[in-house]
Amino acid sequence: MILFSAFSLSCSLDYGKEISVKDSVPEFIFISPSFLRFENNKKTAELTADKLEQYKSDSASFASNSTFTTWNESSEIQTQGSCQLLGIDSKNEVYTLFNDIKLLNKNPDLQITAENLKWNAKSEQLTSGKNDTVTIIKEDTQVTGKGFSASSISNKFSFQSDIEGTITQNQEEETPAQATETKEETPSTDNKEDKAQ
């Protein structure tokens, strides 16, 4: 981790209207930082960013163009993700993600894309705003809705609004003519797509 500037005269990251900080001047600014967290001599989390600003008065930090990875107790990757802006409330263990959010979870195996999400580490809840759109991809199913909520304790997620999406089924069908061909021929695959709302 390299510290290029310890103090700055003004806050240079655009936090939007949803984030407020007590002071307009960060205590520290880190350029291209990489942070690692270890528990019981095992790496549990890693965060990298283009820039991170840290504020002392309210335990807040803000990172731009962040990527992050978490590992479970067996040292297996649990979650990988990225976002353009990450707000960190270390006192309350709340992490707010903004803009071009991409999450890949391993267990359960699903992908999440969104523009605004909040992770509460204490309650292990991932939520979006009531009117924020979230897309979930799990195996051959893709659904989109608003008012997203997920629990890592129950491994369940829900939407407050109606959802729309697609379910793709791949079926291999063999015709009599194909059955008599040589082994170099492969059966044709028909892709069927069912739309669900």
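A nonpolar core is taken here as a set of buried Ala, Val, Leu, Ile, Met, Phe, Trp, Tyr and Cys residues joined through side-chain atoms within 4.5 Å. With that in hand, the predicted model can be read from its overall make-up inward.

The chain contains one helix and 15 strands. Of its 197 residues, 30% count as buried. The surface that the chain exposes comes to about 13,000 Å², and carbon and sulfur atoms supply 46% of that area. Among contacts with a separation of 6 or more, 36% join residues that are 24 or more positions apart.

In soluble globular proteins, nonpolar side chains tend to be buried together. In the present model, the largest nonpolar core has 23 residues, and those with the most contacts inside it are Leu 103, Ile 112, Leu 117, Val 134 and Phe 148. Two or more residues of this core come from each of E5, strand E6 (77-89), strand E7 (94-105), strand E8 (110-120), strand E10 (133-138) and strand E12 (148-151). The most generous contributor is E8, which gives four residues. A second core, separate from this one, has five residues, including Ala 60, Phe 62, Leu 85 and Phe 98.

Leu 103 makes a helpful viewpoint on the larger core. Leaving aside residues up to four places away in sequence, Leu 103 touches Phe 68, Gln 80, Gly 81, Leu 97, Leu 110, Gln 111, Ile 112, Leu 117 and Leu 126. Two of these partners, Ile 112 and Leu 117, are themselves listed with Leu 103 among the residues with the most contacts inside the core.

For the second core, Phe 62 is a convenient place to look. Phe 62 lies in strand E5, which spans residues 60-71. Phe 62 has a relative accessible area of 4%, and therefore counts as buried, the cut-off being under 20%. Phe 62 and Asp 89 are 27 residues apart in sequence, while their C-alpha atoms are 9.0 Å apart in space.

Two loop residues invite a closer look at the backbone. Most residues other than glycine have a negative phi. Ser 75, in the loop between E5 and E6, has a positive phi of about 65 degrees although it is not a glycine. Glu 93, in the loop between E6 and E7, likewise is not a glycine and has a positive phi, of about 60 degrees. Both side chains belong to residues classed as partly exposed: the relative accessible area is 43% for Ser 75 and 33% for Glu 93.

How values were computed:
Residues numbered from 1 in each chain as written. Predicted model: local features only at pLDDT ≥ 70, side-chain atom pairs only at ≥ 80, totals over all residues. Heavy atoms only, no water. Buried < 20%, exposed > 50% of the residue type's maximum accessible area, 1.4 Å probe, protein only. Contact = heavy atoms within 4.5 Å. Areas by Shrake-Rupley, 256 points an atom, 1.4 Å probe, with all protein chains shown as cover.
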